[in-house]
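Here are my notes for your first look at this one. Keep the viewer open and go through the points in order.

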Amino acid sequence: MSLVAVRDELAKRLATLDGLRVYPVPPDTVSELPAAVIQPGQPLAEYGRTLSGGDVTYTFAVLLLTQSGDDEQAWQDLAAYLSPSGSSSVKAAVETSTGPNPGPADWLRVQRATEGGHVTYRKNAYWGATFHVRAYVGG
């Protein structure tokens, strides 16, 4: 499957989080918070070593931005998204298929969250964290 199809599936899964505005393509400005901005990760693609060369693992960086200006409230808001389970968990939303068809990727996994706290996006300051997501597509 294509990188775009996998990115769209990731966006669909993130959109299941109540109130989260998902940007599949990084916007010039973020007008609604909380928001998830899907960006290319590093490495963007790793190719399998099979003779057919059909499998690939894509990496995405999901920048999650919260809306609170109060540091204590921002920590609480961020904690709900960082939880490994629950109704606001990014990990749970990403790793759960949204229907009977598993989608364009064989699996999506949240590997880690980094850069928590004060973050900058397009020269604007926010509270948030970056979730590193890998998606495997078998060939």
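1. Let's begin at an unusual spot: Glu115 lies in strand S4. Keep in mind that this is a predicted model. Phi of Glu115 is near 55 degrees, a positive value in a residue other than glycine. Most residues other than glycine have a negative phi. Is Glu115 buried or exposed? Glu115 has a relative accessible area of 54%, and the cut-off for exposed is over 50%, so Glu115 counts as exposed.

2. Lys123 is worth a look for a similar reason. Its phi is also positive, about 70 degrees, although Lys123 is not a glycine. You'll find Lys123 in the loop between S4 and S5. The relative accessible area of Lys123 is 82%, so this residue is exposed.

3. Now go back to S4 and pick out Gly117, which is found in that strand. Gly117 is buried, because its relative accessibility is 5% and buried means under 20%. What does Gly117 touch, leaving aside its neighbours within four places in sequence? The contacts are with Leu78, Tyr126, Trp127 and Gly128. Try one distance in your viewer as well: the C-alpha atoms of Gly117 and Thr66 are separated by 9.8 Å, with the two residues 51 apart along the chain.

4. Next, the strand that pairs with S4. S4 and strand S5 (residues 124-137) run antiparallel to each other, paired over 12 bridges. To see one of those pairs, select His118: its bridge partner in S5 is Trp127.

5. Zoom out to the whole sheet. What is the order of its strands? The sheet is open, has 5 strands and reads S1-S2-S3-S5-S4, with mixed pairing. Strand S1 (21-23) and strand S4 (107-121) are at the edges; each has a single partner strand, so one side of each is left without a neighbour in the sheet. From one strand to the next, the twist averages 25 degrees.

6. Then add the helices that go with the sheet. Helix H1 (residues 3-14) packs on the sheet and touches S1, strand S2 (35-47), strand S3 (56-66), S4 and S5. The direction of H1 makes about 35 degrees with that of S3. Helix H2 (residues 71-82) lies across S3, S4 and S5, and runs at about 10 degrees to S5.

7. After H2, stop at Ser89, in the loop between H2 and helix H3 (90-94). Ser89 has a relative accessible area of 0%, so it is buried. Which residues does Ser89 touch, not counting those up to four places away in sequence? They are Leu17, Ala80, Tyr81, Ser83 and Pro84. The side chain of Ser89 also reaches the backbone oxygen of Pro84, at 3.5 Å.

8. Two peptide bonds deserve a check by eye. Most peptide bonds are trans. The bond from Leu33 to Pro34 is cis, with omega near 0 degrees, and Pro34 sits in the loop between S1 and S2. Another cis peptide bond joins Gln42 and Pro43, with omega about -5 degrees. Pro43 lies in strand S2.

9. Here is the overall count. The protein chain has 3 helices and 5 strands, and along the sequence they follow the pattern α-β-β-β-α-α-β-β. Trace that pattern from the start of the chain and you'll have a map for the points above.

10. Finally, the chain as a whole. What radius of gyration does the protein chain have? The value is 15 Å; a compact globule with 139 residues would have one near 14 Å, so the two agree. The C-alpha atoms fill a box of roughly 55 × 30 × 20 Å, taken along the principal axes. Of the 139 residues, 40% are buried. Among contacts with a separation of 6 or more, 59% come from residues 24 or more positions apart. The chain exposes about 7500 Å², and carbon and sulfur atoms supply 51% of that area.

Definitions and conventions
Residues numbered from 1 in each chain as written. Predicted model: local features only at pLDDT ≥ 70, side-chain atom pairs only at ≥ 80, totals over all residues. Heavy atoms only, no water. Pairing = 2+ DSSP bridges. Helix = DSSP H or I, 4+ residues; strand = E, 2+ residues; numbered from the N terminus. Axes fitted to C-alpha atoms, helices over the stretch in contact; angles between N-to-C directions. Contact = heavy atoms within 4.5 Å. Buried < 20%, exposed > 50% of the residue type's maximum accessible area, 1.4 Å probe, protein only. Polar contact = N/O pair within 3.5 Å; in protein donor to acceptor, adjacent residues only side chain to side chain. Rg over C-alpha atoms; globule rule 2.2 N^0.38 Å. Areas by Shrake-Rupley, 256 points an atom, 1.4 Å probe, with all protein chains shown as cover.
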